[in-house]
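Thank you all for coming. I would like to take a few minutes to walk through one model, and I will ask you to keep the structure in view while I talk.

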Amino acid sequence: MTAAAVEPSRAPARAATSSALVAALVVGAAAIDAWALVALLVVVGVAAVIDGASLLQRQAARPVLPAALVPVVALPILAGVDAERAASLLAAWYAGAFLLAALLLLVGGRRRGATLALGSTMALAGLVGLGVLGLVLLADGGDALAWLGALALLVVAADVPPRLAAWRGLTRRARGLAALAAVVFATAALVGALGEALAVGALLGVAATVLVAARAAAVLWPVAEGRPHGALPGALVGGNVLAAVGTLLLASPVAALLVWLAG
């Protein structure tokens, strides 16, 4: 049996392990220090942007990498200094990233595919930048560690069981049921353990957000479920980094908003 034939069966198990590891690292970094979390998220964000750019290039899009990295690096650092100011300057940073991408395209003489390049650049900057910013904002508050821990546990519950089910060759419906059951169980455990400290309504909203984000990530990065290339035309196939952090990045901005509304 060739390495190429073995690879798809191992991908879900690797994705499940890496997703749990990233979630644990985020909580651990936040427990150490706020700047330890910022530093970790900058590294994760840069890796995710590079991974995403390589995937988009397979779809005939060439993102402007420096422009995509601007909000991904700047926003978590600014949020570490002043969370409210980072949120208020969000639109300005993305406008600057767009202008920088357009300028670099003009200077570089890229005319063909310029619109696709701009769109893919802002898509990457938005997905990853808002994801890392959401995690920093979630860590800014009195119950920060509890909320981060709850989000991390829910992400693991939504990611790991369906990926292990895919590794075992179970059907797509079985994977979805595994994710739903694990998230419901984890939510019930969190309500029982932290119901007095955390707003139950916000916690239920975060659980629903994570479940939706996990299913969206499974479509965008089917490597997490071991689907072969071409199984989903137009989907981003590959992307080990994004398979590991995709659910966390997709869910964190909404989670931060729900926690802010509950507070």
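Let me begin with a single pair of side chains: Arg 163 forms a salt bridge with Asp 159, and the closest N and O atoms of the two are 3.7 Å apart. Please bear in mind throughout that this is a predicted model, and that every value I quote has been computed from it. With the rule used here, which asks for a side-chain nitrogen of Lys or Arg within 4 Å of a carboxyl oxygen of Asp or Glu, the count comes to one salt bridge. In general terms, side chains of opposite charge can pair when their charged atoms come close. As for the placement of this pair, Arg 163 and Asp 159 are four residues apart in helix α7, residues 144-167, and are therefore separated by about one helical turn. The general background is that an α-helix has 3.6 residues a turn, so residues three or four places apart point the same way. Both partners, Arg 163 and Asp 159, are buried.

Staying in helix α7, we also find Pro 161 there. Is Pro 161 buried or partly exposed? Its relative accessibility is 23%, and because buried is reserved for values under 20%, Pro 161 counts as partly exposed. Once residues up to four places away in sequence are set aside, Pro 161 touches Val 156, Ala 178 and Ala 182. For a sense of distance across the model, Pro 161 and Val 254 are 93 residues apart along the chain, with their C-alpha atoms separated by 23 Å.

One of those contacts, Ala 182, takes us to helix α8, where it is listed as buried together with Arg 175, Ala 179, Val 183, Ala 186, Thr 187 and Leu 190. The buried residues of α8 pack against α7 and against α9, residues 200-220. Helix α8 itself covers residues 172-194, and its 23 residues reach 32 Å from the first C-alpha to the last, which is close to the 33 Å expected at 1.5 Å a residue. Also in α8 is Arg 172, which at 57% relative accessibility counts as exposed. Arg 172 and Pro 162 are ten residues apart in sequence, and their C-alpha atoms are 8.5 Å apart in space.

Moving on to helix α9, consider Val 206, which lies in it. At 3% relative accessibility, Val 206 counts as buried, and, leaving aside neighbours within four places in sequence, Val 206 is in contact with Trp 147, Leu 151, Leu 154, Ala 255 and Leu 258.

The same kind of length check can be made on helix α3, residues 65-81: at 1.5 Å a residue, its 17 residues should span 24 Å, and the end C-alpha atoms are 25 Å apart, which agrees. Which residues of α3 are buried? They are Ala 67, Ala 68, Leu 69, Pro 71, Val 72, Ala 74, Leu 75, Pro 76, Leu 78 and Ala 79. These buried residues pack against four helices, namely α2 (34-58), α4 (83-88), α5 (90-108) and α6 (114-138).

That leaves the open space in the model, where the largest pocket has a volume of about 580 Å³. Of the 25 residues lining this pocket, the closest to its centre are Leu 137, Leu 138, Ala 256, Leu 257 and Trp 260. The elements that each give two or more residues to the lining are α4, α6, α7 and α10, the last being residues 240-262. Which of them gives the largest share of the lining? It is α10, with six residues. Sorted by class, the lining has 18 nonpolar, four polar and three charged residues.

I will finish in that helix, since Val 241 is found in α10. Val 241 has a relative accessible area of 30% and is partly exposed, and its contacts, not counting residues up to four places away in sequence, are Ala 47, Ala 48 and Asp 51. Val 241 and Arg 111 are 130 residues apart along the chain, and their C-alpha atoms are separated by 30 Å.

Definitions and conventions:
Residues are numbered from 1 along each chain as its sequence is written. This is a predicted model: local features need pLDDT of at least 70, side-chain atom pairs count only at pLDDT 80 or more; totals for chains, interfaces and linings use all residues. Side-chain values use heavy atoms; hydrogens and water are left out. The expected span of a helix is 1.5 Å times one less than its number of residues. Buried means under 20% relative accessible area, exposed over 50%, partly exposed in between (1.4 Å probe, protein chains only). Contact means heavy atoms within 4.5 Å. On a 1 Å grid over the protein atoms alone, a cavity is a set of points where a 1.4 Å probe fits but cannot get out, and a pocket is an open set with protein on both sides within 12 Å along at least five of seven lines; lining residues have an atom within 4 Å of a point. Grid points are joined across faces, edges and corners, and a volume is the space filled by probe spheres set on the points. Ala, Val, Leu, Ile, Met, Phe, Trp, Tyr, Cys and Pro count as nonpolar, Asp, Glu, Lys and Arg as charged, and the others, Gly among them, as polar.
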